[in-house]
Amino acid sequence: MQEFITVNNLCHDYAGFDGSTVLALDNISLKIAPGEFVAVIGTNGSGKSTLAKHLNALLVPTSGDCMVAGMNTKEDENLWKIRQKVGMVFQNPDNQIVATLVEEDVAFGPENLGLPPSEIRRRVDEALRFVGMEQYRQHGPHLLSGGQKQRVAIAGVLAMRPECLVLDEPTAMLDPLGRDEVLSTVCRLNRAEKITVVYITHFMEEAIAADRVVVMNSGKIMLTGTPAEIFSDVELLKSLGLDVPVAADVAYRLRKAGVSIPKNIITEQELAVALCR
Amino acid sequence: MSIELKNISYIYMKNTPFEHMALQNISLTINPGEFVGIIGHTGSGKSTLVQHLNGLLKPGSGEVFVDEVDLNARGNASKLAKRKVGMVFQYPEHQLFEETIAADIAFGPRSLGCEESEIKQRVCDAMEFVGLDYDTFAERSPFQLSGGQMRRVAIAGVIALKPEYLVLDEPSAGLDPRGREEIFSQIMHLYNKTGIAVIMVSHNMEEVARMATRLIVMNQGQISLDGNPREIFKNGSVSLQAAGVDVPRITALMRYLKGQGLKVDDTVITAEEGVKSILSALGGQGTC
Ligand SMILES: Nc1ncnc2c1ncn2[C@@H]1O[C@H](COP(=O)(O)OP(=O)(O)O)[C@@H](O)[C@H]1O
Ligand SMILES: Nc1ncnc2c1ncn2[C@@H]1O[C@H](COP(=O)(O)OP(=O)(O)O)[C@@H](O)[C@H]1O
Ligand SMILES: [Mg+2]
Ligand SMILES: [Mg+2]
């Protein structure tokens with residue numbers, strides 16, 4: 001199959017505070033298929049954000065390559081095409097919205113593309129509908145909740161008609177309600193619109209929604225696998241300083257206490273089925 | 001000795017079209033030795049409430065007393081009373097600014113007019129409390145630290161003021177699991193060791209349930225529940241849902257299992273208790 005993103009032996013160095021270099025990504029290789037939903041987990045400093053910034057050419061590799069839809073991020077002439085195909089959403093809901101009205105904010109990207117007003121209007125309508133915020137188009141962003149602001153930020157990216165969304169801890173600053181709103185919006189976009197998703201999170205319950213989980217540690221990819229494969233290795237995740245979904249944690253503790261239940265339990269439904277045989 | 005709020009109301013942007021009543025007639029007493037968790041959805045008034053505890057916000061109506069002193073009265077007494085309440089804001093690391101960690105933590109005690117030897121002692125003690133080794137970290141720049149460590153420096157800066165009440169507004173927000181655990185265990189350690197009263201706003205139900213001796217649920221500018229955390233998670237599900245907050249994940253899991261017919265205790269709030277209850281349900285009669 002034609003991959004949408006191919007990362008090959010990518011290394012990234014930052015200049016450190018004292019003139020030293022920080023190897024933030026250490027020989028990373030990763031393929032992401034079109035339409036795939038990939039969650040990236042790992043402790044602070046493991047290189048998640050640095051990786052994310054390579055996916056839309058905000059950073060270019062110190063060595064190795066990052067290919068997006070067949071285009072190398074190192075080549076300047078690809079920059080705009082790549083940024084249009086891969087949209088980024090960041091952590092802080094309060095500094096992603098620039099305009100004074102929701103619809104103006106969403107129109108910002110398409111306006112910069114120089115599109116005709118009717119097309120801009122169509123894209124704004126569509127993007128707001130996709131994130132369920134059409135009734136807020138005339139609202140000022142300061143009146144929105146954190147989850148609503150993040151959905152507007154997602155709409156702003158969608159108005160560029162990207163093929164891939166990269167979200168860097170989009171729920172880290174939200175309350176549980178806001179987290180649900182954002183995650184279910186992203187899942188819907190992935191399933192219904194076939195948008196490729198790369199989703200960085202510290203909430204393991206969110207990572208369960210992905211097709212595949214990538215675990216990063218010290219600038220390397222430690223593991224990749226389905227959520228069931230990854231989260232059944234409770235000891236490894238804990239040793240990396242990561243959480244596990246509560247059902248996986250309980251299943252692990254029960255197994256240690258001698259209860260015989262399968263190893264790949266990660267949801268409450270699966271745990272109930274295993275215990276109520 | 002206590003913090004006492006009497007009939008507090010607070011309105012943002014009063015007399016404008018954006019006027020918003022953020023707190024409605026709140027009365028509340030916080031006693032020494034308590035660990036009060038405050039939960040509620042975003043916008044429910046938690047931050048507005050805690051900013052009244054040290055006089056950062058002046059109530060639109062009502063009164064705030066710290067150890068019997070009215071915070072909004074004129075004079076030196078209210079200034080001293082405010083100092084008894086240390087406040088760690090949300091994302092406090094954004095307020096670090098000195099070149100070294102020690103200098104940042106020393107800023108507060110210095111502005112209180114402490115002697116240099118006293119300042120150094122307080123910096124050492126505060127760093128020890130938040131688990132940052134003095135010799136390793138004192139002369140480093142705070143900006144070389146991880147997010148969790150920067151936040152500990154910010155908390156140390158407040159501890160160095162030797163408050164009698166410590167207020168923390170979402171101290172774990174934005175941290176990774178390890179950072180969250182570090183922060184919570186340092187707070188617990190401080191609480192256990194000094195008996196300082198802690199008032200902590202958090203969205204992390206697991207930790208609030210485990211740490212707090214008392215839980216306050218905010219909804220639309222009012223206190224909708226106030227009591228023992230276990231009792232609230234056990235009996236308050238209707239009010240909790242109305243307030244838009246979750247129960248701890250383990251409690252939700254146990255409820256689900258019970259709904260599926262497994263005879264487990266759905267009032268547990270830690271994974272250890274949950275596993276114990278499942279084991280005894282399985283042991284009693286096999287499965288369901
Ligand atoms: N602009 C930068 N300058 C120097 N070092 C950086 C910069 N950004 C990140 N780093 C370092 O690179 C490593 C990876 O950081 P990052 O990609 O932000 O990790 P994560 O998103 O997983 O927390 C860390 O050691 C971090 O300190
Ligand atoms: N500086 C401000 N100006 C106007 N409204 C504000 C301001 N700060 C908070 N509010 C509003 O007051 C309400 C309570 O906010 P806040 O106390 O921050 O809630 P919480 O901390 O529970 O999220 C919210 O509706 C919020 O929008
Ligand atoms: Mg990051
Ligand atoms: Mg708040």
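**Sheet and ligand shell in chain B**

Visitor: How do you know that helix α6 of chain B lies across β6 and β7 of chain B?

Guide: Helix α6 (residues 147-159) of chain B lies across these two strands, at about 165 degrees to β6(B). Contact means heavy atoms within 4.5 Å; angles run from 0 to 180 degrees between N-to-C directions, with axes fitted to C-alpha atoms, for helices over the stretch in contact. Helices (H or I, at least four residues) and strands (E, at least two) are DSSP runs, numbered from the N terminus. The model is predicted: local features need pLDDT of at least 70, side-chain atom pairs 80 or more, while totals for chains, interfaces and linings use all residues. Residues are numbered from 1 along each chain, chains are lettered from A and ligands numbered from 1 as written, and side-chain values use heavy atoms, without hydrogens and water.

Visitor: Why are β7 and β8 of chain B called paired?

Guide: Two strands pair if DSSP finds at least two bridges between them. β7 (residues 165-169) and β8 (residues 197-201) of chain B, which run parallel, are joined by 5 bridges, so they pair. One bridge joins B:Y165 to B:A197.

Visitor: What makes the B:K46 pair with ligand 2 a polar contact?

Guide: A polar contact is a pair of N or O atoms within 3.5 Å; within protein, one must be able to donate a hydrogen and the other to accept it, and residues adjacent in sequence count only through side-chain atoms on both sides. A polar side-chain atom of B:K46 lies 2.8 Å from an oxygen atom of ligand 2, so the pair qualifies. For B:G45, a polar backbone atom is 3.0 Å from a ligand 2 oxygen atom.
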